[in-house]
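Colleague: Please take one part of this model and look at it closely. Then show me how that part sits in the whole.

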Amino acid sequence: MNNGSASIVELFSSIQGEGVLVGLRQAFLRFHGCNLACEYCDTRSDEPPEEALLEETPGRQDFLRERNPVPLERVARLLQLWESALPGIHHSLSITGGEPLINHRCLQEWLPELRAILPVYLETNGILHHALSEVIPHLDYISMDIKLPSSSGCTGLWEEHRRFLKIAARTTVFVKAVVSAETEDWEILRTAEMIAEVNPRITCILQPVTRADGTPGIAPIRALEMQEMAGRCLTDVRVIPQTHKFMGQL
Ligand code: SF4
């Protein structure tokens with residue numbers, strides 16, 4: 001990022017396929033780069049793209065190519081045009097990645113202007129708590145991952161997640177954990193206890209990992225068992241698979 005510009009991957013309009021806002025229409029602004037390397041990742045790439053893909057008409061996949069870095073004004077102008085064309089259709093602007101918080105300086109600069117157009121929803125892997133503390137005044141919703149070792153292959157992140165969640169709870173936060181057939185009981189219990197320590201009413205989404213053929217990767221009864229375990233100390237535990245993949249949405 002420099003002089004109000006940033007390397008972005010794409011800006012598009014689609015249906016939110018995961019979590020508490022599933023089914024709602026959102027604008028998605030995807031930043032490049034991530035600090036983790038999850039085994040199930042479908043967005044990771046090492047090199048930032050030379051060009052950003054910007055949807056001209058919301059939801060029609062008529063992408064314009066724009067050389068990176070893209071100026072904030074270009075993104076804001078496009079969002080304003082979308083809102084004029086389809087007023088009220090977008091629930092919020094999803095800031096996604098990769099891990100958007102690695103661009104926290106850019107976000108500090110961009111979010112006040114973008115939030116004047118749409119409420120801001122941050123999708124994050126829930127690790128970079130120092131970065132979160134800088135941008136949280138500009139966030140309306142946070143969808144925070146807890147990376148379970150069994151499904152993500154990432155280890156040693158519990159303390160980072162705990163610190164992150166304490167800051168995230170200053171706004172509306174939902175927690176999401178991708179679960180697989182390998183996920184063990186202690187991981188579900190530790191996740192639930194960590195959330196309960198901050199606030200037992202925070203929504204916890206258990207998201208079955210999606211197999212290559214698009215079907216959920218855990219047995220139905222195992223999903224119920226996990227929900228029961230987490231429900232011992234949380235009031236709102238939901239099992240929601242990724243829906244955008246079987247709907248063929250972006
Ligand atoms: S945190 Fe998200 S973007 Fe980063 S590697 Fe994991 S799944 Fe991929």
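Modeller: What follows starts at one strand and works outward from there.

First, the ground rules. This is a predicted model, in which local features need pLDDT of at least 70, side-chain atom pairs count only at pLDDT 80 or more, and totals for chains, interfaces and linings use all residues. Residues are numbered from 1 along each chain as its sequence is written, and side-chain values use heavy atoms, with hydrogens and water left out.

The part I pick is strand β9, residues 141-145. Helices (H or I, at least four residues) and strands (E, at least two) are DSSP runs, numbered from the N terminus. Four of the five residues of β9 are buried, so the rest of the structure largely encloses this strand. Buried means under 20% relative accessible area, exposed means over 50%, and partly exposed is in between, with a 1.4 Å probe and protein chains only.

Next, the neighbours of β9. Two strands pair if DSSP finds at least two bridges between them. On one hand there is β8 (residues 120-124), joined to β9 by four bridges and running parallel to it. Leu122 stands opposite Ile142 in β9. Thr124 has Met144 of β9 as its bridge partner. The chain leaves β8, passes through helix α3 (residues 129-135) and arrives at β9, and this β-α-β crossover is right-handed. Right-handed means that, with the strands pointing away from the viewer, the path from the first strand over the helix to the second runs clockwise.

On the other hand there is β10 (residues 172-179). Five bridges join β9 to β10, and these two strands also run parallel. Met144 is bridged to Val175 in β10. Met144 therefore appears in both pairings, with Thr124 of β8 and with Val175 of β10. In general, strands of a sheet pair through backbone hydrogen bonds, either parallel or antiparallel.

Now widen the view to the sheet. It is open, has ten strands and mixed pairing, and its order is β5-β4-β2-β3-β7-β8-β9-β10-β11-β12. The edges are β5 (63-67) and β12 (237-239); each has a single partner strand, so one side of each is left without a neighbour in the sheet. On average, neighbouring strands are turned by 20° against each other, direction ignored. Helix α7 (residues 220-230) packs on the sheet and touches β10, β11 (203-208) and β12. Its direction makes about 165° with that of β12. Contact means heavy atoms within 4.5 Å. Axes are lines fitted to C-alpha atoms, for helices over the stretch in contact, and angles run from 0 to 180 degrees between N-to-C directions.

Aromatic rings add further links. The structure holds four aromatic pairs. Rings of Phe, Tyr and Trp (its six-membered ring) pair if their centres lie within 6.5 Å; planes under 30 degrees apart count as stacked, over 60 as edge-to-face and the rest as tilted. Phe12 and Phe28 are stacked, at 5.1 Å centre to centre with 10° between the planes. Phe12 is in β2 (residues 8-15) and Phe28 in β3 (residues 25-31), so this pair ties together parts 16 residues apart in sequence. Both Phe12 and Phe28 are buried. Trp158 and Trp186 form a tilted pair, at 6.1 Å centre to centre with 55° between the planes. Trp158 belongs to helix α5 (residues 158-168) and Trp186 to helix α6 (residues 185-198), so parts 28 residues apart in sequence are tied together. Trp158 counts as buried at 11% relative accessibility, whereas Trp186 is partly exposed at 41%.

Some backbone geometry deserves a check. A cis peptide bond joins Asn68 and Pro69, with omega about 0°; Pro69 lies in the loop between β5 and β6 (70-71). Another cis peptide bond joins Gly97 and Gly98, with omega about 15°. Gly98 sits in the loop between β7 (92-96) and α2 (104-115).

Last, the whole. The protein has eight helices and twelve strands. Its radius of gyration is 18 Å, close to the 18 Å that the globule rule gives for 250 residues, so it is as compact as a globular protein of that length. That radius is taken over C-alpha atoms, and the rule is 2.2 Å times the number of residues to the power 0.38. Of the 250 residues, 51% count as buried.
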